[in-house]
Every structure is written in C-alpha cells, then in structure tokens.
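Here is a short tour of a protein model, written for someone who likes to see the numbers beside the picture. Take a look before reading on.

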Amino acid sequence: MKTALIIFTRNPELGKCKTRLAKTLGDQSALDIYKYLLQHTANISKEVKADRYVFYSENINNDDIWSGAHFSKKLQKGNDLGERMHNAFDELLNLDYKKVIIIGSDLLDLDEQIIEEAIQKLDDNDVVLGPAEDGGYYLLGMKQLHPAIFKNKAWGTETVREDTMSDLKNKAVSLLKPLNDIDTFDDMKHYNQLKQFYTTHD
C-alpha cells in the first residue's frame, strides 16, 4: 500500500529551537543538540519503506541534511501545530496515499523498526499513536483524515494524548510503546551521546 512518512521539523536557527532546553544550557547548546536530533531522525527515516516528506516550519532549505534523493520538501501551513498537521495529512491523503504517518524530530529513542511497526498496524486499525512520556505523542498514523484530533488541543502540554484518544473513542486505535521526547534538560541528561554538547559541574 502506498505510504507517506511526514517529518515535521523546525528550521534550526539560533534562539528559535528547543527554547526550554536553551533556558538551562544556552542557545548554542540547544541548537547543537537539536541538529544532532535532526540528523538522527534523517538517518532512521531514510531506512523506512515509504515516500518521505520533510515539512519545514519557516522556509525550505535545499542544501541541508534532508537530501533530495531521499526526501521531498514542503512547507508547514497553519496557525498552530494542529492546523499544520491537519493540512499536511490532508495534502498527502489527497495524493492517494493509503497510509500517512507523521513523526517529530526530537526523539533519540525512535528507530525505523518502530515506524515500520506503525505502518503495519494501520492494516488492521484506523489510527496508530506513539505515546510520548510527557503526555503528548511522537507518532501519529492514519488512513483517512480525522479532523477532530487536530482541534481544541493545548499543544505542548500533558493533556494532548488523552484529549486525542477521547476524540478517537469510536475508532480502532493501536498504541506503540511510550518514548521520551527531548524538550528539557531532564529529558536528555541520561543520554551519553548528548553529553558532548554541554558541561556540568556537579
């Protein structure tokens, strides 16, 4: 079945990404960490058997880690995260994709096997959701548009997944294993591979 993988990414600019992390570590460390997470996301996405689309937050960059050989490039459209995701799903479902999955770009624990599992689970379910440990979700997949899940959400808060599940109570939803996405220093301090980007004095 024709499958599309959407990666939502912020343009990596100093002072504009990982702002909660920047409060602890400073803008430069936050940017370096975000670039590392983006590279991880690009590496795993390239292995997924799907057409891959990167949706940029601000402007499309033709010369970056998202190689045109592996990724089609588009711009996010909408006033908040819900509108932006709704529009991305709508656009690709209208291109006759039978399964569309979106992932975030700030998870070191995400790998291609988890994404492939999500694609398979859509064979027998309406929606697949990857719960994030902070109460949101790191992956969302569907075969047709469910507009309600993109509306009336306090994006970036711990209520997002619960509210989304309540919108889907009459649908067959499959949950993946919970993963940790990296927004704050507490989220990332146990990852040895990120210690190169900061120094601690404790």
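The report below goes from the overall fold to the surface and then to one residue.

## Fold and overall shape

Welcome to a predicted model. Its protein chain contains six helices and seven strands. Read from the N terminus, these elements follow the order β-α-α-β-β-α-β-α-β-β-α-β-α. The radius of gyration is 16 Å, close to the 17 Å that the globule rule gives for 202 residues, so the protein chain is as compact as a globular protein of that length.

If you would like a box for it, the C-alpha trace spans about 50 × 35 × 30 Å along its principal axes.

## Packing and contacts

Of the 202 residues in the protein chain, 48% are buried. Sequence separation adds to this picture: among contacts with a separation of 6 or more, 64% are between residues 24 or more positions apart.

## Surface and charge

The protein chain exposes about 10,100 Å², and 43% of that area comes from carbon and sulfur atoms. As for charge, the protein chain carries 26 positive and 33 negative charges, and the mean positions of the two sets lie 3 Å apart.

## A closer look at Thr-3

Thr-3 belongs to strand β1, which covers residues 3-9. Is Thr-3 buried or exposed? Its relative accessible area is 7%, under the 20% cut-off, so Thr-3 counts as buried.

Which residues does Thr-3 touch, leaving aside its neighbours within four places in sequence? Thr-3 is in contact with Ala-50, Asp-51, Tyr-97, Lys-99 and Ile-119.

Technical notes:
Residues numbered from 1 in each chain as written. Predicted model: local features only at pLDDT ≥ 70, side-chain atom pairs only at ≥ 80, totals over all residues. Heavy atoms only, no water. Helix = DSSP H or I, 4+ residues; strand = E, 2+ residues; numbered from the N terminus. Rg over C-alpha atoms; globule rule 2.2 N^0.38 Å. Buried < 20%, exposed > 50% of the residue type's maximum accessible area, 1.4 Å probe, protein only. Contact = heavy atoms within 4.5 Å. Areas by Shrake-Rupley, 256 points an atom, 1.4 Å probe, with all protein chains shown as cover. Lys, Arg positive; Asp, Glu negative; His and termini not counted. Charge placed at Lys NZ, Arg CZ, Asp CG, Glu CD.
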